[in-house]
Amino acid sequence: MFDMTRRVTVLDTTLRDGAQREGISLSVQDKLRIAQKLDELGVAYIEGGWPGSNPKDIEFFRRIRDLDLRCARIAAFGSTRRAGVAVEEDANVRALLEAGTPTAVIVGKASRMHVTEILGTSLKENLRMIRDTVVYLKAAGQEVLYDAEHFFDGYRLDADYALESLRVAAEAGADCLVLCDTNGGTLPSEVSQIVTIVHQALPSMTLGIHAHNDTGVAVANTLLAVEAGAGHVQGTMNGYGERCGNANLCTVIPNLQIKMGIQALANGDLALLTEASRYISEIANLRPDEHAPYVGRSAFAHKAGLHVNALLKVADSYQHIDPEWVGNEMRVLVSELAGRSNITHKLADMGLQAELSAEEMRHITQRLKELESQGFQFEGAEGSFELLVRRAQSDYQPPFEVLDFLVLVEKRSDNDMLAEATVKARVGQTIMHTAAEGDGPVHALDRAMRKAILPFYPQLDRVQLTDYKVRILDEKAATAALTRVLIDASDGERSWTTVGCSVNIIEASFQALLDSLELPLHRRTS
């Protein structure tokens with residue numbers, strides 16, 4: 001697909017640096033599953049954790065040996081020996097060897113301020129700590145990647161000392177020198193300049209970049225470091241990490257391969273990237289960033305009618321790449337900004353075979369805009385949009401009609417809450433008047449409605465509500481605010497989302513509920 005004449009190696013540190021993000025807590029099994037997915041994606045290194053810091057990481061390194069990894073090398077992370085302690089007696093260094101990984105990532109200080117003020121030792125002793133640790137691990141047969149912590153801050157403070165710390169590691173046998181922007185405060189122009197200087201000073205060494213995102217430029221810093229000569233990059237999937245996160249490999253990798261022609265994955269195949277991104281966010285129990293470049297659900301979503309019209313003529317008119325390259329897909333949204341092209345494409349995408357006349361198309365577009373002006377939103381409610389289309393057709397026949405409904409909520413003396421709903425519905429010429437209790441008003445309405453129509457449509461017994469979301473559209477209106485409700489439903493084979501909107505949350509819920517029951521009846525008939 002791409003002519004990649006240069007390669008860089010990628011180290012994924014989601015399992016260590018990424019796990020330091022607030023809100024993430026990965027079990028050993030979680031880490032093993034993520035490692036398997038990263039190996040499938042094709043990263044060169046997976047940094048599994050710090051074996052000297054906690055029992056969980058020790059267990060991970062023990063169990064990872066049983067996984068049959070295709071291309072990734074597992075790396076254990078640790079620090080240089082402590083000041084005044086012989087390297088062979090340092091517990092953290094011993095833990096690195098006991099982890100049994102082919103690669104060790106060693107972090108050492110490149111900033112004189114951190115040496116004297118944080119470690120509380122001398123500048124010379126810090127250099128001995130770096131040298132002794134690298135020599136010891138290399139003698140044990142490990143590949144050593146040296147992470148120069150706070151390198152860019154240290155370079156600004158004392159460039160000579162920062163460079164000397166790298167020279168010591170190189171002379172001791174380090175396989176790669178990784179320049180770390182640990183505080184994430186360095187701007188792209190500085191990164192480019194400093195990496196160029198280091199590359200000139202140590203031309204025979206492989207340089208790496210480890211950027212944090214505290215100024216929002218970690219991806220840019222990583223790419224510019226590669227342009228300046230770095231042959232190794234470190235980051236995390238989805239940009240996870242402490243504070244503002246790390247360089248996002250879901251953006252870095254496709255930029256390297258697609259935009260810069262530099263192979264970053266072992267097999268050069270990006271098609272698993274979106275799947276891997278979403279898989280890892282699911283395991284981390286974090287909602288995916290839908291607007292993330294390349295892998296976000298909205299990365300190739302198009303809303304404006306003018307854009308969609310152009311896309312249908314020339315695919316790359318409003319897309320910088322083919323989304324299939326990264327395993328994503330183009331989506332056309334329907335909204336008040338939609339035009340005929342949006343609706344035409346959406347109908348084809350949804351597999352609706354009906355031919356719409358020009359008048360029906362105009363009616364759908366106008367109705368769509370009217371409803372969205374009232375607070376409805378169909379971008380995430382494709383089930384209700386499909387019904388809107390079906391209702392615009394001349395041969396539309398509603399399978400049922402609700403004549404009225406009533407909901408009562410009572411708090412009893414025993415502190416139990418009771419919700420009861422009555423529904424009067426017409427199916428054909430038959431009027432059904434039913435009542436049901438539920439755990440809440442929506443549950444009661446669902447049960448009452450099913451009582452009314454299940455005798456006519458027993459197939460609805462398979463339809464279950466799977467999610468219920470409420471959004472307040474005008475929080476300043478307090479309890480009188482307009483409310484939008486989204487309901488997810490499934491029949492075990494297909495899933496759909498419907499929407500309702502009203503100042504009355506019960507009415508909004510019932511609108512979405514009725515759509516969720518009507519849609520599968522039309523699909524079955526079709």
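**Exercise 1. Which residues does Ser490 touch, not counting residues up to four places away in sequence?**

Solution. Let's start with the contacts in this predicted model. Ser490 touches Arg462, Val463 and Gln464, and the list goes on with Thr466, Ser495 and Trp496. As for its place in the fold, Ser490 belongs to strand β17, which covers residues 483–490.

**Exercise 2. Is Ser490 buried or exposed?**

Solution. First take the relative accessibility of Ser490, which is 14%. Then recall the cut-off: buried means under 20%. Ser490 therefore counts as buried.

**Exercise 3. What does the side chain of Ser490 reach at 3.2 Å, and which backbone nitrogen lies 3.0 Å from a polar atom of that side chain?**

Solution. Take the oxygen partner to begin with: the side chain of Ser490 reaches the backbone oxygen of Arg494 at 3.2 Å. Now for the nitrogen: the one that lies 3.0 Å from a polar atom of the Ser490 side chain belongs to the backbone of Gly492.

**Exercise 4. How many strands close into a barrel, and in what order?**

Solution. Trace the sheet strand by strand: 8 strands close into a barrel, ordered β2-β3-β4-β5-β6-β7-β8-β9, with parallel pairing. On average, neighbouring strands of this sheet are turned by 25 degrees against each other, direction ignored. Next, zoom in on one pair: β2 (residues 9–12) and β3 (residues 45–49) run parallel and are joined by 2 bridges. Here Leu11 stands opposite Tyr45 in β3.

Finally, add a helix: α1 (residues 28–41) packs on the sheet and touches β2 and β3. The direction of α1 makes about 170 degrees with that of β3.

Key
Residues are numbered from 1 along each chain as its sequence is written. This is a predicted model: local features need pLDDT of at least 70, side-chain atom pairs count only at pLDDT 80 or more; totals for chains, interfaces and linings use all residues. Side-chain values use heavy atoms; hydrogens and water are left out. Helices (H or I, at least four residues) and strands (E, at least two) are DSSP runs, numbered from the N terminus. Buried means under 20% relative accessible area, exposed over 50%, partly exposed in between (1.4 Å probe, protein chains only). A polar contact is a pair of N or O atoms within 3.5 Å; within protein, one must be able to donate a hydrogen and the other to accept it, and residues adjacent in sequence count only if both atoms are side-chain atoms. Contact means heavy atoms within 4.5 Å. Two strands pair if DSSP finds at least two bridges between them. Axes are lines fitted to C-alpha atoms, for helices over the stretch in contact, and angles run from 0 to 180 degrees between N-to-C directions.
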